[in-house]
Amino acid sequence: MDGARMMAGHSLAHESAAAQITGQAQYVDDLSELKGTLFAAPICSQQAHGLLSALDITEASAMPGVIRIIQASDLPADPLLATFVHDEPIFASTRVQHVGQVIGLVIAQDVNTARLAARRVKAQIDPLAPILNIEQALAAKSWVLPPVSMVRGEPDLALATAPHRISGQTTVGGQEHFYLEGQVAYAIPQEQGRIFVHSSSQHPGEVQHWVAHALNLPMHWVTVETRRMGGGFGGKETQAGHLAVWAAIAAQLTGHPVKMRLDRDEDFMITGKRHNFLAKYEVGFDPQGQIQALKVMLASQCGFSADLSGPVNDRAMFHLDNGYFLAHVRIDSFRCKTHTQSNTAFRGFGGPQGMFVIETIMGEIARKLGIDALLVRRRNLYGSAPRNSTPYGMVVEDNILPQLLSSLEHSSQYQERKRASTAWNAEQTHIKRGIAITPVKFGISFTATQFNQAGALVQVYTDGSVLVHHGGTEMGQGLHTKVCQIVADALGLPFAQVAISASDTSKIANASATAASAGTDLNARAAQVAALEIRNRLADFAAQLDRCKPDEVKFASGLITTPVNSREFVSLVQAAYAARIQLWSDGFYKTPKIHYDKTTMQGRPFYYFAYGAACVEVLIDTLSGEHKICGIDILHDVGTSINPAIDIGQIEGGFVQGMGWLTTEELVWDGKGKLSTHAPSTYKIPTSGDIPQHFRVDLWPEANREDNVFGSKAVGEPPFMLALAVIEALRDAVSSIHPQMAFVLNAPATPSEVLNAIEQLRA
Amino acid sequence: MTNQDASNHHTSPGAVIRFWRGGRVHQIPTPNPNQTLLEYLRSPEGLNARGTKEGCAEGDCGACTVVLAELGDETKPLKFRAINSCIRFTHQIDGCALWTVEDLSTGQGLLHPVQQALLNSHGSQCGFCTPGFVMSLFALYQNQNDQSLQAQDQGNLRARGEPVSREQAVAALSGNLCRCTGYRPILDAAQAMTLLPKVEQPEGAIKAALLALAKATAIAGTNSDDDIKANANAKELAPAIDQQGIFHPSDLATLLQQRRDHPQAQLIAGATDVGLWVTKQGRRFESVIDVTRTKELGHIMVSASHLEIGAAVRLEEAYQALVNVRPQVAVFARRFAGLPVRQSGTLGGNLANGSPIGDSMPLLISLGASIRLASAQRGPREMALEDFYLGYRRTALALDEVLTHILVPLPKVEELSRIYKVSKRFEDDISAVCIGIHITLSRQNSTTSNPTITSARIGVGGMAAIPSRARKTEDSLIGKTFSHETFVKAKESISREFEPLDDMRSSAKYRRQMAGNLLLRFWHEITQPHQINSLESLDAKPIVWMAQE
């Protein structure tokens with residue numbers, strides 16, 4: 001590697017890539033078990049809703065290898081998890097609230113015995129009528145949290161006077177995270193009642209808090225470590241906590257190390273997913289397609305507990321505008337309680353569902369008026385004052401969508417393809433084409449302002465090697481790689497000289513979840529602050545030695561250079577150590593400018609917006625509803641990229657995951673509330689055959705206009721929503737059967753759903 | 001693991017499992033009939049090799065992919081198969097060579113081209129699926145061999161690692177799921193890996209080791225000298241029941257005898273479904289009979305009238321044989337499960353399993369296939385495939401019987417046949433509806449310019465509790481003019497003929513619609529070849545790019 005160049009800004013390989021491709025990278029289940037390790041398996045409710053009267057454990061207890069069966073009555077402290085709303089039991093005790101809810105654990109000498117025994121525990125449950133979907137919950141006014149409304153202007157009045165109106169409703173499905181590594185935790189009792197937990201978690205700090213709460217231990221007696229996750233996507237933000245608490249309770253009660261890893265089917269049945277939404281809307285617009293008024297009812301299926309449903313639904317409201325100015329708007333949000341898995345964070349965190357609604361509306365306006373949908377979208381974009389303020393009162397200062405859309409329209413040859421597509425549809429009887437461009441504007445920062453802080457610890461050893469701790473976690477997104485690049489540049493070192501071991505609650509206290517796309521913004525900045533502190537001390541020291549000014553000391557290529565001398569980094573470090581100069585430092589960062597008032601729903605919840613747009617072309621078979629994507633062109637804004645290869649990886653991966661959400665990934669519950677798509681045999685995420693050869697990604701060539709680490713922008717979530725172009729392209733193709741006629745195409749757009757839309761136009 | 005010199009192996013008949021990995025032969029002294037290969041790989045008591053991951057334990061995600069090579073035909077190069085170790089049983093690797101992700105790098109940090117290409121293209125993010133992708137690509141690398149005569153002259157060791165097309169890469173990765181990357185960098189790596197300096201496996205040594213293992217097994221079964229051919233008597237060759245309840249009969253007579261003597265023993269072949277009975281349903285077998293070593297069940301033969309496929313022929317080879325005589329089956333064949341399942345599962349297993357959504361049945365029923373069953377007592381019998389299915393997952397197979405062969409009539413000049421499948425995802429998905437259509441036409445007795453339909457066979461899956469023939473709809477076609485009107489009527493007929501279910505794969509309504517619409521697709525495909533009638537075989541490209549070609 002060329003040591004002279006900067007590390008940030010280059011496509012360095014993921015810090016774990018070589019270990020991953022040789023099978024050396026360890027995940028929690030790969031760690032060697034300590035002697036005496038026991039294995040836990042969940043006992044799950046088979047009823048969606050009912051009163052739990054007894055557990056018959058006779059048969060299970062008698063199985064050879066079964067050590068103990070744990071249920072609610074065995075809990076050492078609070079029977080509720082330390083969730084934000086404090087509404088979720090560790091184990092169901094008197095009432096079960098979804099099929100798959102965990103009632104207890106079987107602890108056994110091996111995992112197969114534990115699982116077999118768990119099936120033989122018989123729960124006596126007197127069934128109660130369950131609420132299984134949004135419609136039932138709305139009718140019953142069944143909420144996990146009270147409804148919330150956001151209003152600006154005079155939507156009713158503006159709607160009444162609008163030249164054109166459309167009203168409609170649409171649904172968008174949930175989504176299973178399908179992290180390839182299922183949920184897992186390994187809890188190891190320590191001396192004096194302390195506990196150590198290996199957790200596959202996006203939020204070790206919260207896991208620590210939950211475990212401490214459940215075991216009634218002070219937090220400093222609980223250590224949680226996460227080296228890496230085999231995928232997270234939001235699914236290991238709160239949901240990893242359950243596994244860790246269960247394993248820790250079992251470890252405390254048995255005095256043995258306990259590993260708990262869910263089988264894939266259990267993972268589907270137990271853990272929460274992306275919220276599915278129902279939206280009803282009324283929109284008024286002018287003859288050019290510019291929206292004059294919008295009223296939307298957003299209802300989501302939250303499951304049996306609140307979990308993160310409050311902020312998820314808030315974010316759906318915040319992103320209902322996507323990139324569009326809504327002068328008169330009312331959004332009513334209902335957070336429905338149902339007897340199903342408790343839905344949770346998932347990449348985009350409600351944003352995709354909110355944007356799904358407005359993009360649906362944009363397409364409908366275009367079809368109703370017979371105008372190109374891209375033109376309608378452009379006419380509604382945020383602009384200069386007064387068309388620059390969001391419904392929650394934040395001024396959009398960094399809007400680049402007008403230029404970005406023009407650029408993509410040109411580079412993707414959208415207009416030529418649109419014309420050619422129309423010509424194709426006139427010639428071909430069965431296979432129709434559609435094309436769409438949709439934009440993304442996604443707000444970056446946790447909407448709960450307090451979480452926008454991060455800490456880091458950078459330590460320089462006397463051999464010149466550097467170890468970084470920070471509060472973020474690695475789930476494949478390349479956070480550790482980017483942090484190492486930033487720290488390497490701060491100290492003028494080659495990449496290989498900087499390492500990160502694992503995220504560890506005993507190193508960095510009170511770290512926020514690695515979520516909201518903010519992992520790099522927060523943690524790389526904190527690590528940079530720490531590294532610069534060390535650099536300054538070394539610069540002062542070198543300046544003393546060489547009698548120059550500290551700002552004349554340069555750090556580059558592993559050398560520390562003054563006007564009179566050049567030293568190896570390690571030489572100066574050793575001299576500094578001998579001179580008793582502190583070679584480690586902490587760093588702290590909090591996001592500036594943000595503020596938000598939950599009661600008025602007004603403020604600046606986001607530091608900045610990340611933008612992007614995608615052009616997608618599809619083919620549909622009008623006899624079967626099957627479809628194929630034939631081209632994807634993306635132009636996305638990551639500011640100045642710290643690592644273009646990693647950012648492109650996030651963009652492509654996010655897009656394909658969003659494509660799956662909108663097409664093949666269908667969650668189906670049976671009439672009794674049992675999820676019947678609970679494994680990859682029935683739940684279909686995209687495969688390599690689903691992506692077209694033409695899959696082009698370009699990065700928008702402009703730094704973040706706000707002061708952010710390296711001029712970069714967050715990239716984890718925003719590209720997910722680029723996939724909305726897929727469903728809009730499908731709708732464009734369906735529309736070719738009977739242009740300007742309204743139809744409903746809900747998501748996921750399975751072949752069956754597409755055929756249903758086609759039949760509406762043929763009827 | 002004990003390092004065992006296989007040629008010395010004369011003891012403990014049939015009870016020891018031996019396989020080659022990492023330059024030497026390993027043995028498992030007391031195999032458990034219910035242990036999966038993945039459990040064995042990861043267990044501290046097994047290989048303690050935890051690079052191979054469990055993603056689903058049902059053969060649908062590919063995180064557990066490893067590569068096996070069987071000896072097969074000694075005169076041919078080794079065939080490398082990527083398989084799902086999560087549903088293959090440990091005892092089934094007896095006599096095989098095994099590679100896991102740990103086996104590829106050549107030490108000192110030297111990466112195999114597969115690994116180097118993945119590294120270069122940023123093909124891993126979270127890395128959990130990565131070992132499986134590495135192994136699927138490794139099998140592809142090994143099987144991309146130089147087919148030229150010159151290369152063949154050099155004996156068995158034909159050059160591996162020849163160029164890979166994007167289509168081949170997609171096919172090779174059809175059983176691997178990645179949730180992070182969106183696949184583009186992995187497909188790039190698949191095409192770039194063959195441009196890197198080649199790495200060879202010690203195939204000569206491996207074949208020699210496997211040959212020695214095969215002989216040792218034969219010797220162990222007979223306690224006689226080392227000439228396998230001299231011991232062709234089946235009863236002598238077959239190991240007696242071993243103490244672990246694992247039977248690997250090497251010939252049909254022994255298989256039938258063991259089946260008769262141990263009717264409770266579970267018959268297994270590729271274990272692509274039986275494996276799930278263990279991992280997902282928690283079932284445990286006292287004893288198992290693995291039919292994949294039974295040589296008579298491994299043959300493919302072509303007679304003047306029929307293609308005869310042994311029941312234990314892997315789906316990949318069985319479908320290749322079907323495609324060879326009916327090329328229109330090719331796309332369907334690629335969509336049957338993912339490659340690791342096709343490399344493991346057998347055609348006989350797919351049929352005998354009797355699932356109403358198995359894909360082979362609609363095809364073979366439409367082609368008029370029959371099956372041969374055999375028992376030690378009563379010998380062989382044949383029946384039409386559709387008559388084999390009696391009820392949901394209930395077949396005509398007697399407790400002492402084994403499905404031995406599938407007989408598929410060869411195509412006739414006057415036939416028109418197609419097979420269609422509709423599912424949520426094109427690759428590696430189970431059908432919502434599958435329909436095989438086979439008709440013959442004649443111009444005799446035709447009163448119009450169109451010919452007359454003289455025979456019709458329609459096989460359907462997903463429409464009833466068993467794979468079925470759509471007899472009423474066939475009747476609505478036979479004797480009618482080959483016309484759009486006839487097919488519109490047939491469409492109406494087939495949507496009335498069945499009472500399909502609503503389930504997680506499809507609504508009943510959609511199944512009915514599709515059965516009918518696929519009959520229309522058949523009509524369009526035959527009569528409107530200038531139109532594009534289906535997406536599954538279409539190489540989808542942006543329209544402007546298409547126009548430029």
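**Notes on a predicted two-chain model**

1. Let's start with one pair of residues: Lys421(B) stands opposite Cys434(B), which sits in strand β17(B). Keep in mind as you look around that this is a predicted model.

2. Now zoom out from that pair. Strand β17 of chain B covers residues 433-442, and 8 bridges join it to β16(B), with the two strands running antiparallel. They belong to an open sheet of 4 strands in chain B, ordered β16-β17-β18-β19, and the pairing is antiparallel. At the edges you'll find β16 (415-422) and β19 (468-469) of chain B, each pairing on one side only.

3. Two helices are worth finding next. Helix α17 of chain B (residues 484-497) packs on the sheet and touches β17, β18 (452-461) and β19 of chain B. The direction of this helix makes about 35° with that of β18(B). Helix α18 of chain B (residues 508-527) packs on the sheet too, touching β16, β17 and β18 of chain B, and its direction makes about 140° with that of β16(B).

4. On to the nonpolar cores. The largest one has 220 residues, and the members that touch the most others are Leu294(A), Leu298(A), Val487(A), Phe655(A) and Trp99(B). Which helix gives the most to this core? That's α15 of chain A (residues 519-546), with 12 residues. Apart from the largest core lies another, of 50 residues, including Ala311(B) and Leu364(B). As background, nonpolar side chains tend to be buried together in soluble globular proteins.

5. Have a closer look at Val487(A). Setting aside neighbours within four places in sequence, Val487(A) is in contact with Val458(A), Val466(A), Val468(A), Val498(A), Ala527(A) and Ala531(A).

6. Don't mix up the two helices called α17: chain A has one as well, at residues 644-662. Its 19 residues should span 27 Å at 1.5 Å a residue, and the end C-alpha atoms are indeed 27 Å apart, so the two values agree. Is α17(A) enclosed or open to the outside? Of its 19 residues, 17 are buried, so this helix is largely enclosed by the rest of the structure.

7. Last, the cysteines. How many disulfides does the structure hold? The count over all chains is 0. Take Cys336(A): its sulfur is 6.4 Å from the closest cysteine sulfur, in Cys302(A), which is too far for a bond. For Cys615(A), the closest cysteine sulfur is in Cys630(A), 9.9 Å away, so that is too far as well. Cys336(A) is buried, with a relative accessible area of 0%, and Cys615(A) counts as buried at 0% relative accessibility.

Technical notes
Residues numbered from 1 in each chain as written. Chains lettered and ligands numbered in written order. Predicted model: local features only at pLDDT ≥ 70, side-chain atom pairs only at ≥ 80, totals over all residues. Heavy atoms only, no water. Core = buried A, V, L, I, M, F, W, Y, C linked by side-chain atoms within 4.5 Å. Buried < 20%, exposed > 50% of the residue type's maximum accessible area, 1.4 Å probe, protein only. Contact = heavy atoms within 4.5 Å. Pairing = 2+ DSSP bridges. Axes fitted to C-alpha atoms, helices over the stretch in contact; angles between N-to-C directions. Expected span 1.5 Å × (residues − 1). Disulfide = S-S within 2.5 Å.
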